[in-house]
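Subject: Structure for you to look at, with notes

Dear colleague,

I am handing over the structure below, and I would be glad if you could read the notes after it with the coordinates open beside you.

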Number of protein chains: 2
Amino acid sequence: MTRTVFERSDVIPLVAEVFRELGYEGASMSAITTRTSLSKGSLYHFFPGGKEEMAREILAHVDGWFADHVFKPLEGTNPQHAITLMWDSVDAYFRSGRRVCLVGAFALDETRDRFAVPIKSYFRRWIAALAGALARCGMNDVVAHRLAEEAVVSIQGALTVARALGDSDVFKRTVKRLRKRTTITSS
Amino acid sequence: MTRTVFERSDVIPLVAEVFRELGYEGASMSAITTRTSLSKGSLYHFFPGGKEEMAREILAHVDGWFADHVFKPLEGTNPQHAITLMWDSVDAYFRSGRRVCLVGAFALDETRDRFAVPIKSYFRRWIAALAGALARCGMNDVVAHRLAEEAVVSIQGALTVARALGDSDVFKRTVKRLRKRTTITSS
DNA sequence: GTCTATACAGTGATAGAC
DNA sequence: GTCTATCACTGTATAGAC
């Protein structure tokens with residue numbers, strides 16, 4: 001018998017995928033146990049607070065990933081390059097629209113009220129970081145903020161529609177269009 | 001004691017609002033009973049198939065509303081006027097972003113698999129109807145389809161981000177921008 | 001850190017009185 | 001068409017052996 005031994009940091013991505021696919025309410029403990037092949041005992045060992053603690057850790061984990069791969073680069077010294085990298089990261093992270101945004105999914109139903117703070121700060125920081133990068137590329141501040149908001153809005157919508165239609169091309173087209181619009185050619 | 005007597009058509013909008021706020025999994029029968037002030041007995045009288053039948057009826061009801069107020073006008077003889085009306089209807093229906101899209105919410109988690117057909121056809125028809133209207137306003141077919149897709153994507157994303165930030169202005173700005181972009185000035 | 005066994009509240013669903 | 005009572009089952013969570 002193989003008995004795999006995990007540590008907390010190994011478990012989070014596994015559980016995250018279950019929440020992502022089933023939503024907060026849909027992700028029952030038994031669904032999590034079967035899909036992670038971890039028993040309830042192990043899960044409660046890692047997360048004594050149960051589902052709520054799991055989801056909170058996962059939101060922090062997602063936010064951390066975006067901070068490292070998207071937000072911090074955008075807030076850094078090479079904004080134009082960071083924007084290009086952002087679109088690569090976004091396309092890879094969401095598997096060209098085959099993977100939904102956990103934070104966006106949590107935002108739609110009452111789950112939002114439970115995790116209002118991390119959900120709000122994720123979107124605020126993304127929009128602010130992108131707006132700042134666009135502004136430092138020479139774009140007018142107000143225009144930059146509007147375009148950043150439009151970009152984040154479009155990504156979320158593209159994930160919804162792509163999954164609704166079962167057509168990842170919707171997402172790919174959206175990213176392509178946004179990539180073009182956020183590439184500042186100082187001509 | 002007041003005993004209100006309903007018929008099926010009265011119940012659907014009430015239950016719809018519960019699904020919209022709590023999601024399919026989150027909308028438990030007890031949540032539906034308390035929020036509609038209808039007992040389980042009454043609900044199962046109207047919907048012998050339980051939650052699944054309720055959700056199916058609600059999806060049909062939403063689709064019917066959009067057919068009457070959005071799709072059919074777009075498919076009709078006055079496309080430019082229909083597009084203007086669409087933005088009025090969309091803004092009113094989603095309460096300027098304070099009300100989420102039930103179909104979009106269902107699309108994100110595994111609920112999509114259960115209701116794949118109605119979810120898909122809702123978005124397909126919306127995009128196709130808007131694309132057709134834009135084309136009949138003189139826009140190139142391919143461009144019209146891309147813009148229609150962009151519009152529906154943006155609406156869904158705006159609902160997500162508006163709710164995430166608790167800021168309906170995101171939605172209002174999005175509608176304003178799309179309204180402008182879909183107004184063809186044959187100059 | 002893993003697991004099984006168990007508690008018990010909440011789930012969808014049904015039956016039958018009014 | 002309304003309701004309450006009740007069903008079997010699944011939900012989260014806990015305890016304790018290994």
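In this predicted model, a side-chain N or O atom of A:S28 sits 3.4 Å from a phosphate oxygen of DNA strand D. The residue that follows in our list of phosphate contacts is A:M29, which uses a backbone N or O atom and comes to 2.5 Å from a phosphate oxygen of DNA strand D, while A:Y44 reaches a phosphate oxygen of that strand with a polar side-chain atom at 2.9 Å. Both A:M29 and A:Y44 also belong to the residues that come nearest to DNA strand D, a group that further includes A:K40, B:F6 and B:G41, out of 17 residues around the strand. Of the atoms of DNA strand D that lie within 4 Å of the protein, 68% are sugar or phosphate atoms and the rest are base atoms.

Both protein chains take part in the surface near DNA strand D: α2 (29–36), α3 (40–46) and α4 (50–75) of chain A, and α3 (40–46) of chain B, each supply at least two residues. The largest share, four residues, comes from α3(B), and by class the surface has six nonpolar, eight polar and three charged residues.

Turning to the other strand, DNA strand C is surrounded by 17 residues, of which A:F6, A:G41, A:S42, B:M29 and B:Y44 are the closest. A backbone N or O atom of B:M29 lies 2.5 Å from a phosphate oxygen of DNA strand C, and side-chain N or O atoms of B:S30 and B:Y44 are placed at 3.0 Å and 2.9 Å, respectively, from phosphate oxygens of this strand. The elements that give two or more residues to the surface near DNA strand C are α3 of chain A and, from chain B, α2 (29–36), α3 and α4 (50–75). Here the largest share, four residues, comes from α3(A), and the classes are six nonpolar, eight polar and three charged residues. Sugar or phosphate accounts for 71% of the atoms of DNA strand C within 4 Å of the protein, with bases making up the rest.

A few details on α2(A) may help when you inspect that region. Its buried residues are A:M29, A:A31, A:I32, A:T33 and A:T36, and they pack against α1 (8–26), α3 and α4 of chain A. After α2(A) comes A:S37, which has a positive phi, near 50 degrees.

Finally, the protein–protein contact takes 39 residues from chain A and 39 residues from chain B. The two chains bury about 3400 Å² between them, with 62% of that area on carbon and sulfur atoms. Between chain B and chain A there are six salt bridges, one of which joins the side chains of B:E150 and A:R177 at 3.3 Å, N to O; the count of residue pairs in polar contact, both at pLDDT 80 or more, is 16. On the side of chain B that touches chain A, at least two residues each come from α1 (8–26), α6 (102–108), α7 (111–114), α8 (116–136), α9 (141–165) and α10 (169–181), and the largest share, 14 residues, comes from α9(B). By class, this side of chain B has 15 nonpolar, nine polar and 15 charged residues.

With best regards

Key. Residues numbered from 1 in each chain as written. Chains lettered and ligands numbered in written order. Predicted model: local features only at pLDDT ≥ 70, side-chain atom pairs only at ≥ 80, totals over all residues. Heavy atoms only, no water. Near = heavy atom within 4 Å. Polar contact = N/O pair within 3.5 Å; in protein donor to acceptor, adjacent residues only side chain to side chain. Nonpolar A, V, L, I, M, F, W, Y, C, P; charged D, E, K, R; others polar. Contact = heavy atoms within 4.5 Å. Buried area = accessible area lost by both parts, 1.4 Å probe. Salt bridge = Lys/Arg side-chain N within 4 Å of Asp/Glu carboxyl O. Buried < 20%, exposed > 50% of the residue type's maximum accessible area, 1.4 Å probe, protein only.
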